[in-house]
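Got your viewer open? Let's take a walk through this one together, one selection at a time.

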Amino acid sequence: METVAVVWTAAVAAAGLIYWFVWVMGSAEVKGKRAVDLKMGSITRDKVQDKYKQYWSFFRRPKETAVASSENVPAFVDTFYNLVTDIYEWGWGQSFHFSPSIPGRSHRDATRIHEERVADLIGARPGQRVLDVGCGVGGPMRAIAARSGADVVGITINEYQVGRARAHNKKSGLDALCEVVCGNFLQMPFPDASFDGAYSIEATCHAPRLEDVYAEIHRVLKPGSLYVSYEWVTTALYRADDPDHVDAIHGIERGDALPGLRAHDEIAAIARKVGFEVLDQRDLARPPAGPWWTRLKMGRIAYWRNHLLVSALAFLRIAPKGVVEVHEMLYETARHLTRGGETGIFTPMHMILCRKPPLTPNAEDGNPQESTS
């Protein structure tokens, strides 16, 4: 009888441990996704590994391959987000971006504050229609809508993310303010001058040519409206002749579907080229801001826990074949991002605030025209 009791006690303890490991520790920050629910977006289970290999082959040499084949970049960015969306949401939360750390505040609070800054910068308010360029599953959209009361329309190239974002919008009670559409931000399905403001948070880095997406944003904004972007860039400390620097930057590009990172001093010139006035630009990661990469370093223990869990789920065929390789890729990318942050050669939050010039009356015929001042 004692042996039976011991066995039953051990079984109950094991079941409790598995429940804690998978359903409690294995869920997203905001309970949006659990480990046992991991999918690879809209990719069928039998195609995950093949799609991962195709992605990795395309972005293996980011600038040589991706820029030369720029017309293929959107499709591979879509593939990337099919592969990583559930893993991001499970391990990171509903906002797929970084934020400066704030002493005494949680990562979730720091993320929300970083997003709310966007609403303040563009002066978003009730009754306005604001565009989220590259909205992901809508974490920033919901924070900005809640902060400002504005109607926010998000666009993402990934259809799976559209479904996730709409589900989160409804669950949070913000679906009346938040709308999501599937589309390519290089060719947006919106009329000219149809938005009162726009923003992008670490999203336009996926564009082969930044001027193409900036021109589209300029087109859909009303004259006088503001646009703010948090850009991924190399900083003034980056040296193209330093192998360690190059390795870190290439690692970031390969693991994040980037067709080549831009330098910090290119962004304003590109914005002006398409017609924007540049009102402000600065690196939001610079002191006194706390380091944004600490969350990656603190997550290493969680990574190994999650890696064991993902491996077990793949072995049991609960998770699709190929998810382990994707998880490994993201961990390796986190290592390169951390190196980029610690050395100061990379920032994911080069902020640029722009304005589409307001209309001014034509002195001769009274027809309104865009100001070029």
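How close do the axes of helix H5 and helix H6 come, and at what angle do they cross? Select residues 107–121 for H5 and residues 139–148 for H6: the axes come within 9 Å and cross at roughly 55 degrees. Keep in mind as you look that this is a predicted model.

**Stop one: H5 and H6**

With that crossing angle, H5 and H6 are oblique to each other. Turn the view until one helix sits in front of the other, and you're looking at a right-handed crossing. Now show side chains. On the H5 side, pick Glu115, Glu116, Val118, Ala119 and Asp120. They meet Gly139, Pro140, Ala143, Ile144, Arg147 and Ser148 in H6. Colour this contact by class and you'll get 5 nonpolar, 2 polar and 4 charged residues.

**Stop two: H2 and H4**

Next, select residues 48–58, which is helix H2, along with residues 73–91, helix H4. Here the axes are 10 Å apart and the packing angle is about 130 degrees. That angle makes H2 oblique to H4. As for handedness, H2 passes H4 in a left-handed crossing.

Which residues make the contact? From H2, bring up Val48, Lys51, Tyr52, Gln54, Tyr55 and Phe58. From H4, add Val73, Phe76, Thr79, Phe80 and Leu83. Sorted by class, the contact of H2 with H4 holds 8 nonpolar, 2 polar and 1 charged residues.

**Stop three: glycine 344**

Now leave the helix pairs and zoom in on a single residue. Glycine 344 sits in the loop that runs between helix H13 (323–343) and strand E8 (346–355). Is glycine 344 buried, partly exposed or exposed? Its relative accessibility is 23%, so glycine 344 counts as partly exposed.

Try a distance label next, from the C-alpha of glycine 344 to the C-alpha of alanine 236: the gap is 8.7 Å in space, although the two are 108 residues apart in sequence. Then select Thr235 and Leu237, which glycine 344 is in contact with once you set aside its neighbours within four places in sequence.

**Last stop: the whole protein**

Zoom all the way out and switch to a cartoon view. You have 13 helices and 10 strands on screen. Of the 373 residues in the protein, 53% are buried. Among contacts with a separation of 6 or more, 77% link residues 24 or more positions apart. Finally, switch on the surface: the protein exposes about 17,200 Å², and carbon and sulfur atoms supply 56% of that area.

Key: Residues numbered from 1 in each chain as written. Predicted model: local features only at pLDDT ≥ 70, side-chain atom pairs only at ≥ 80, totals over all residues. Heavy atoms only, no water. Axes fitted to C-alpha atoms, helices over the stretch in contact; angles between N-to-C directions. Helix = DSSP H or I, 4+ residues; strand = E, 2+ residues; numbered from the N terminus. Parallel < 35°, antiparallel > 145°, perpendicular 65-115°, else oblique. Left-handed = near helix turned anticlockwise from the far one by under 90°. Contact = heavy atoms within 4.5 Å. Nonpolar A, V, L, I, M, F, W, Y, C, P; charged D, E, K, R; others polar. Buried < 20%, exposed > 50% of the residue type's maximum accessible area, 1.4 Å probe, protein only. Areas by Shrake-Rupley, 256 points an atom, 1.4 Å probe, with all protein chains shown as cover.
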